[in-house]
Every structure is written in structure tokens, then in C-alpha cells.
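Opening the notebook on a new model. I'll go through the fold, then the core, then the surface.

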Amino acid sequence: MAAQDDRSVANRLFFRLFQASNILQKQTVSAVGLTTVQWAVLGALSRRGYEEGIAFNDLTEYLIVSRQSLDGVLKRLEREGHVKRIPHPDDGRARLILLTDQGRAYWESLQPRIHDFYAQGLKSLGFDETVSLLHYLNKFQKDVQQVQPLTLDASTAEEESPQDETTEPR
């Protein structure tokens, strides 16, 4: 019974993370006017040390997004004048992604809404709880990044697979 309870809790946790991710996406667009990826890109490019830009590949690794996803977001942010791609000084084939002056001003103008979003999103948690949540999410992220491709033979899959994998247990 303990193994079933473990699977039930794990299923509930992963389902909650899925839901939280979808809620975060909807709420950031509604409250701040950015998708989560746009928010992450602008935030990453606004960090100290990146005034001269960041290599495209380094940005994909930092954000943990696909090249295709990042390229689409960058194209939109470029059209809006918030970022630009410039030749990499050390590699003519590569590009650096740079936050424009307009993009920096836009990012700065969003800060009051962003901080209000954080305050509302974390209102049920005290400082220590927020720090603990961050700690556990960091550990979780590290573990999930190390998950190996899963293989199950047909007999194991039938034994191991609960009936209702994609929904939260009752």
C-alpha cells in the first residue's frame, strides 16, 4: 500500500505543478502583459553583466527553453523594439541577444506590476516559507533534469501503471 500512496502523492504533486504552470502563464499575461517566456527573457537580459548581450545558446541554457521557442519569442520582442540580435565579436556566425534601451525602459516600467504580482502570488507564505519553497524547487529541478529516458517492457507497464495517470487522485 505504501508504494501506491507514494505514487498517489507524486502524481498529485506533478499535477499541481502542471496546474500552477498553466495558471502562472495565464496570470502573467493578464497582470503584467507578458508571457512567462517573454518575462524570463527580458529579466535575463536585464541582469548586471549582460549589458553587452548574451549568446543565443547561453540564453537557451539559462532559461531552459528550446531554440525554437526562444527564437519565436525573440522575433516578437525584436518587432516590439525590446531586443536586438547583434553579431558576436568572437564568432561571426553567432549572435548576441541584447536588451535595447527601449527594452530596458519597458522592463523598468513593469517593475511595480511585477513586484505587486510577486506579493499577491506569495501572500499566503511568510519569508521563511518562501525561502524553503525556493530551496525545495531547486532540489526538484535538479532531480528532474537528471531523469533518464524511461523504458518499460509491456509486462511491467501493465503492472506499474495506475488506471488514472493524468488526473489528480481523489
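How many helices and strands are there in the chain? I count seven helices and three strands, taking DSSP runs numbered from the N terminus, with H or I of at least four residues for helices and E of at least two for strands. Read along the sequence, I get α-α-β-α-α-β-β-α-α-α.

Ground rules for myself: this is a predicted model, where local features need pLDDT of at least 70, side-chain atom pairs count only at pLDDT 80 or more, and totals for chains, interfaces and linings use all residues. Residues are numbered from 1 along each chain as its sequence is written, and side-chain values use heavy atoms, with hydrogens and water left out.

**Helix 1**
I checked the length of helix 1 (residues 2-31). Its 30 residues at 1.5 Å a residue should span 44 Å (the expected span being 1.5 Å times one less than the number of residues), and the end C-alpha atoms are 42 Å apart, which agrees. Its buried residues are Asn11, Phe15 and Thr28; buried means under 20% relative accessible area, exposed over 50%, partly exposed in between (1.4 Å probe, protein chains only). Helix 2 and helix 5 are among what covers them. Just after the helix, Gly33 has a positive phi of about 90°.

**Core**
Next I looked up the largest nonpolar core, a set of buried Ala, Val, Leu, Ile, Met, Phe, Trp, Tyr and Cys residues joined through side-chain atoms within 4.5 Å. It has 22 residues, and Val41, Leu45, Leu59, Val83 and Ile97 touch the most other members. Two or more residues each come from helix 2 (36-45), helix 3 (56-63), helix 4 (67-79), strand 3 (91-99) and helix 5 (101-121). Helix 2 gives the most, with five.

What does Ile97 contact, leaving aside neighbours within four places in sequence? I find Leu45, Gly53, Ile54, Phe56, Leu59, Leu74, Val83, Lys84 and Arg85, with contact meaning heavy atoms within 4.5 Å.

I also looked at Thr60 in helix 3. Thr60 counts as buried because its relative accessible area is 9%. With the same neighbours left aside, within four places, Thr60 contacts Val65, Ser66, Arg67 and Leu70.

**Whole chain and surface**
Of the 170 residues, 22% are buried. The chain exposes about 12,400 Å², with carbon and sulfur atoms supplying 54% of it (Shrake-Rupley method, 1.4 Å probe; for residues, only the protein chains shown count as cover).
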